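Thank you for sharing this entry. Please keep the sequence and the structure open while reading the points below.

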Amino acid sequence: PEAGMQQPSPTAPKKPTFSTGFNLLAGGLSCASVSALLNFNDHTKVRLQIQGAHGITRGKHLGYVGMARHIAVNEGWRALFLRGMTPSIIREMTYSSVRMGLYDPIRNALASDGPIGLGTKILAGLLSGGLGSAFVYPADLIKVRFQAEHVVHGAQPRYRHTWHALNEIYRREGLRFGPYRGVEPTVVRAAFLTSAQLATYDHAKHALIEHGWVTE
């Protein structure tokens with residue numbers, strides 16, 4: 001280069017920005033994929049929780065592997081892996097979308113252009129997790145009903161599919177003690193879980209960036 005000529009300074013790469021809609025979709029799809037892969041695990045957990053109440057193992061207490069094998073042998077591998085999968089995917093596509101996609105907008109609204117402290121992030125996580133869980137709780141209840149149905153009501157299922165189950169539960173049991181039976185502890189758990197996950201990640205990430213240890 002010629003003497004005296006000023007060289008252009010390199011420009012920093014532009015930080016990618018994503019819309020709230022994209023964040024909602026990404027959160028839902030990622031969690032729904034994992035939920036589908038691990039549906040057999042959730043099914044096994046539900047059956048472990050009710051085995052003592054309904055005597056499904058003839059007085060013998062089964063562990064995790066034993067219960068999974070029991071379901072596969074007596075009801076088929078398809079039942080082990082697929083029973084309750086549709087409401088589980090619906091739940092994650094909505095619950096995880098809301099809790100992850102709305103965390104940033106709620107956090108920013110609470111901050112009102114001021115500094116975003118840890119308390120604000122914790123509150124944003126509580127609100128996004130609680131709202132997401134309350135909104136989609138009926139899908140969670142239907143998933144458990146499907147997975148416990150074979151034990152409680154025998155081989156002949158009461159519900160043909162997810163929407164039939166929702167309609168029947170609402171018609172027979174009402175709204176408060178039907179699709180939303182047990183919603184309170186589920187919302188509390190989801191609120192604190194989301195707050196712990198997202199607020200911790202958010203705060204730790206920005207602390208590392210501010211100290212220059214990582215770049216975004």
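The numbered points take up a pair of packed helices, some buried polar and charged side chains, and two further helices.

1. Please bear in mind throughout that this is a predicted model, and that the remarks below describe the model alone.

2. The packing of helix H1 (residues 20-37) against helix H5 (residues 85-101) is a good place to begin, since the two axes lie 7 Å apart and make an angle of about 145°. The crossing of H1 and H5 is right-handed. On the H1 side the contact involves Thr20, Asn23, Leu24, Gly27, Gly28, Leu29, Cys31, Ala32, Ser35 and Ala36, while H5 contributes Met85, Ser88, Ile89, Glu92, Met93, Ser96, Ser97, Val98, Met100 and Gly101. By residue class, the contact between H1 and H5 comprises 10 nonpolar, nine polar and one charged.

3. Asn39 belongs to helix H2 (residues 39-54), and it counts as buried because its relative accessible area is 1%, against a cut-off of under 20%. Beyond residues up to four places away in sequence, Asn39 touches Leu80, Phe81, Leu82, Arg83, Gly84, Met85, Ser88 and Gln147. Two of these partners, Met85 and Ser88, also appear among the H5 residues that meet H1.

4. His43 is likewise placed in helix H2, and with a relative accessible area of 0% it is buried. Leaving out residues up to four places away in sequence, the contacts of His43 are with Ile71, Ala79, Leu80, Arg83 and Gln147. Among these, Leu80, Arg83 and Gln147 are also touched by Asn39.

5. Lys143 deserves a careful look, as this residue of helix H7 (residues 118-153) has a relative accessibility of 5% and therefore counts as buried. Apart from neighbours within four places in sequence, Lys143 is in contact with Asp42, Gly84, Pro87 and Ser88. Two C-alpha to C-alpha separations help to place it: Met85 is 58 residues away in sequence and 7.2 Å away in space, and His43 is 100 residues away in sequence and 8.8 Å away in space.

6. Helix H8 (residues 162-173) has 12 residues and spans 16 Å from its first C-alpha to its last, close to the 16 Å expected. Which residues of H8 are buried? They are Thr162, His164, Ala165, Glu168 and Ile169, and because they cover an arc of only 155° around the axis, they fall on the same side of H8. Trp163 and Arg171, by contrast, are exposed on the other side of the helix. Just after H8, Gly174 adopts a positive phi of about 80°.

7. Within H8, His164 may be checked individually: its relative accessibility is 12%, so it counts as buried. Setting aside residues up to four places away in sequence, His164 touches Arg158 and Tyr159.

8. Helix H9 (residues 183-210) has 28 residues, and the distance from its first C-alpha to its last is 40 Å, close to the 40 Å expected at 1.5 Å a residue. The buried residues of H9 are Val183, Thr186, Ala190, Ala191, Thr194, Ser195, Leu198, Ala199 and Asp202. After H9 comes Gly212, which has a positive phi near 75°.

How values were computed: Residues numbered from 1 in each chain as written. Predicted model: local features only at pLDDT ≥ 70, side-chain atom pairs only at ≥ 80, totals over all residues. Heavy atoms only, no water. Helix = DSSP H or I, 4+ residues; strand = E, 2+ residues; numbered from the N terminus. Expected span 1.5 Å × (residues − 1). Buried < 20%, exposed > 50% of the residue type's maximum accessible area, 1.4 Å probe, protein only. Arc of directions from axis to C-beta. Axes fitted to C-alpha atoms, helices over the stretch in contact; angles between N-to-C directions. Left-handed = near helix turned anticlockwise from the far one by under 90°. Contact = heavy atoms within 4.5 Å. Nonpolar A, V, L, I, M, F, W, Y, C, P; charged D, E, K, R; others polar.
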